[in-house]
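Visitor: I'd like a close look at one part of this model, please. Could you take me through the helices and whatever sits beside them?

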Amino acid sequence: LRPCVEKGEPDLSEPVLIAEVAVAAPLEKTLSYLVPPELAPRAVVGMRLQVPLGRRLAVGFLLNVESSSDDDAAKGLKPIRDVLDDEPLFPPHMASFFRWVAGYYCHSPGETIRTAMPAGLSGKGRKAPVLHETFYRALVRDGQPSGSKQRAILDLLCEEGEAPLST
């Protein structure tokens, strides 16, 4: 028989995952949260998370995940609400760099990471907008462009049919 577990309390008979999260708020340190079993496969270092912070929900960045079988380690921790990204925004080795930058400049870890990310990634916890690259096609016009680079671009577009701006 398993002991009765109150609603909202983790089952501490099995190891639990504890996440170290840098909340995008002016906090001097990172915070610890429980990783619910259903979110565990998606909880990867570098992902944005939606976490409870006081009476509101905040966006945070996952810096580390550890497994713990210590009953006291998980007591009182709130669970992560959601993983907001499909892929990490930064690789795991950048977490230590962000910690170093935050310490060097006496800035909160979450705000340091938020500042390093493109605008809009720490807002209301929505999925990040996906930018779609524009493709360009040659238009039928009279005459050729006067510049050699413009003619080269037009030739490329005529050969390929269309091309992205990043080519």
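**A look at the helices**

Guide: Helix α4 (residues 148–160) has 13 residues, so at 1.5 Å a residue it should span 18 Å, and its end C-alpha atoms are indeed 18 Å apart. That expected span is 1.5 Å times one less than the number of residues. Helices (H or I, at least four residues) and strands (E, at least two) are DSSP runs numbered from the N terminus. Right after α4 comes G161, with a positive phi near 95 degrees.

This is a predicted model, where local features need pLDDT of at least 70 and side-chain atom pairs need 80 or more, while totals for chains, interfaces and linings use all residues. Residues are numbered from 1 along each chain as its sequence is written, and side-chain values use heavy atoms, leaving out hydrogens and water. The average pLDDT (the predictor's confidence in each residue, from 0 to 100) is 83 for the chain, and 80% of residues score at least 70.

Now for α2 (residues 93–104) and α3 (residues 109–116): their axes come within 9 Å and cross at roughly 110 degrees. Axes here are lines fitted to C-alpha atoms, for helices over the stretch in contact, with angles from 0 to 180 degrees between N-to-C directions. The two helices are therefore roughly perpendicular, a label for 65 to 115 degrees; under 35 is roughly parallel, over 145 roughly antiparallel, and the rest oblique. On the α2 side, F98, V101 and A102 make the contact, meeting P109, T112, I113 and A116 of α3. Contact means heavy atoms within 4.5 Å.

P109 also touches T30, which lies in the loop between β1 (16–23) and β2 (31–35). The C-alpha atoms of T30 and G110 are 7.6 Å apart, though 80 residues separate them along the chain.

Definitions and conventions
Lists of a residue's contacts leave out its neighbours within four places in sequence.
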